[in-house]
Amino acid sequence: MMNHELKDQVTKALRDVSYPGMSRDIVSFGFVRSLEVDDAGRVEVVLEMSTHNPEAAEQVRREAALAAAGVEGVEAVNVALEMQRPARPARTQQAAMSQAVDLVPGVKHIVAVASGKGGVGKSTVASNLAVRLAHMGKKVGLLDADIYGPSLPTMFGITEKPQLDGETLLPFERYGVKVMSLGFILEIDTPVIWRGPMVVKALEQLLGDVRWGDLDLLIIDLPPGTGDAQLTLTQRVPLAAAVIVTTPQDVALIDARKGLAMFRKVNVPVAGIVENMSGLCCPHCGEVTHIFKSGGGERTAEVLGTDFLGSIPLDPAVVDSGDTGEPIVERDRKGVHAEAFGVVAQGVLDALTKHSRPKLTIV
Ligand code: ADP
């Protein structure tokens with residue numbers, strides 16, 4: 001085998017290795033600083049990691065060595081590890097990410113729900129998606145990071161303040177979902193003018209100081225838009241995937257495109273697009289009438305080169321259920337919305353398996 005072919009094979013094998021607790025592999029993460037293969041099949045890898053967790057780094061080193069050694073044609077492997085304590089305040093993206101991973105060690109995947117602009121139903125989608133995933137047997141948490149209008153407390157009918165156990169905040173548990181919101185912590189009606197770093201700080205606190213326990217998925221309801229705060233969040237929180245919520249109008253394409261570009265810039269896989277408020281669902285017969293052009297979300301996904309996760313019909317019952325603290329998929333577990341969110345939830349789960357490679361077992 002040619003040298004460069006062997007190098008490609010080894011790189012491919014390294015893509016099966018991920019940092020403990022993370023779904024993204026070490027190659028896409030930028031942990032592999034150099035990789036050399038000589039004519040005798042000897043492989044030299046240098047991994048560079050900024051982490052507070054030397055055991056995790058050592059585990060990655062061993063897994064990388066095993067993965068490289070498993071490639072046909074490889075005769076010897078040496079994997080060197082260069083550790084750096086994460087530098088502050090100018091932390092690198094991966095340093096911040098591995099720190100954030102250490103913050104929520106029991107969480108398998110963090111999934112962001114985002115939108116290019118406000119009012120498209122991002123929070124509605126995030127909460128119904130979370131409850132639907134819980135119905136499907138997943139252990140789910142939901143973190144409302146929408147600083148501009150935290151709405152999850154209302155959507156889950158939570159009026160009290162969260163309890164503290166020592167230094168740890170206890171999340172609320174509603175409909176099988178562990179819920180925490182910046183809204184529980186901010187004073188009601190406080191005008192919130194937050195810059196990116198403040199949002200990130202608050203979010204890191206919510207990630208680290210809340211007793212999430214073991215979760216399959218932690219859904220984060222991001223603030224709408226693609227500004228500085230959102231970009232910083234996507235860089236600093238170890239996201240396994242992002243879901244972009246849009247509405248059927250043509251103009252929404254522009255916003256969805258911005259959202260997609262933001263995640264691609266920071267290498268977060270986009271699970272796909274959800275089209276919300278697509279078609280009016282008749283409150284009497286359940287039939288869906290398309291007010292805007294139908295298939296807009298699908299076209300948007302196609303144009304943007306991402307997957308279409310499904311569409312959610314427009315229905316006054318959604319507003320009502322949001323206002324009364326019982327998400328629509330909970331209120332009517334067999335209704336059109338439960339079905340529609342079921343499709344979206346399955347799409348997200350599929351995307352997570354597609355993007356995250358199986359972890360190697362260490363012997
Ligand atoms: P965002 O988080 O994008 O600002 P919200 O989830 O708060 O949006 O939704 C904005 C408003 O639209 C809320 O009143 C919500 O109840 C309503 N809404 C969201 N999705 C639907 C839907 N599919 N049908 C009807 N109303 C909806």
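1. Ligand and backbone. In this predicted model, a polar backbone atom of Lys122 lies 2.8 Å from an oxygen atom of the ligand. Gly121 offers a polar backbone atom as well, 2.9 Å from an oxygen atom of the ligand. A nitrogen atom of the ligand is met by Pro313, where the distance to a polar backbone atom is 3.0 Å. On its own the ligand has 560 Å² of accessible area, and the protein covers 80% of that.

2. The shell around the ligand. There are 14 residues around the ligand, and those that come nearest are Gly121, Lys122, Ser123, Thr124 and Asn276. By class, the shell holds seven nonpolar, five polar and two charged residues.

3. Which elements build the shell. At least two shell residues each come from helix H5 (122–135), strand S12 (270–281), strand S14 (308–314) and helix H12 (316–323). H5 gives the largest share, three residues. Two of these elements, S12 and H12, come up again below.

4. Helix H12. Which residues of H12 are buried? They are Val318, Ser321 and Gly322. Seen down the helix axis, these buried residues fall within an arc of 100 degrees, so they line one face of H12. Val319 and Asp323, on the other side of H12, are exposed.

5. The ends of H12. The N-terminal end of H12 is capped by Asp315, which has a side-chain oxygen 2.9 Å from the backbone nitrogen of Ala317. After H12 comes Gly325, with a positive phi near 80 degrees.

6. Helix H11. This helix spans residues 296–304, and its buried residues are Gly296, Gly297, Thr300, Ala301 and Leu304. They lie on the same side of H11 because they cover an arc of only 135 degrees around the axis. Glu302 and Val303 are exposed and sit on the face turned away from that buried side. Just after H11, Gly305 has a positive phi of about 70 degrees.

7. H11 and strand S12. Ile273 is part of strand S12. Its relative accessibility is 0%, so Ile273 counts as buried. Ala301, a buried residue of H11, is 28 residues from Ile273 along the chain, yet the C-alpha atoms of Ile273 and Ala301 are separated by 6.2 Å. S12 is also one of the elements that supply the ligand shell.

8. Salt bridges overall. The whole structure contains 14 salt bridges. Three individual pairs and one network are described in the points that follow.

9. A pair between strands. Lys108 and Asp216 form a salt bridge in which the closest N and O atoms are 3.0 Å apart. This pair links distant parts of the chain, with Lys108 in strand S4 (residues 107–115) and Asp216 in strand S10 (residues 215–221), 108 residues apart. Are the partners buried or exposed? Lys108 has a relative accessible area of 52% and is exposed. Asp216 has a relative accessibility of 16% and is therefore counted as buried, the cut-off being under 20%.

10. A network. Arg33, Glu48 and Glu82 are joined into one network by salt bridges that share partners.

11. A pair within a helix. In helix H3 (residues 54–69), Glu58 and Arg61 lie three residues apart, about one turn of the helix. In general, an α-helix has 3.6 residues a turn, so residues three or four places apart point the same way. The side chains of Glu58 and Arg61 meet in a salt bridge with an N to O distance of 3.1 Å. Glu58 is partly exposed, at a relative accessible area of 29%. Arg61 also counts as partly exposed, at 23% relative accessibility.

12. A further pair. Asp38 and Arg42 form a salt bridge, and their closest N and O atoms are 2.9 Å apart. Arg42 is partly exposed at 47% relative accessibility. Asp38, with a relative accessible area of 27%, is partly exposed too.

Definitions and conventions. Residues numbered from 1 in each chain as written. Heavy atoms only, no water. Near = heavy atom within 4 Å. Polar contact = N/O pair within 3.5 Å; in protein donor to acceptor, adjacent residues only side chain to side chain. Areas by Shrake-Rupley, 256 points an atom, 1.4 Å probe, with all protein chains shown as cover. Helix = DSSP H or I, 4+ residues; strand = E, 2+ residues; numbered from the N terminus. Nonpolar A, V, L, I, M, F, W, Y, C, P; charged D, E, K, R; others polar. Salt bridge = Lys/Arg side-chain N within 4 Å of Asp/Glu carboxyl O. Buried < 20%, exposed > 50% of the residue type's maximum accessible area, 1.4 Å probe, protein only. Arc of directions from axis to C-beta.
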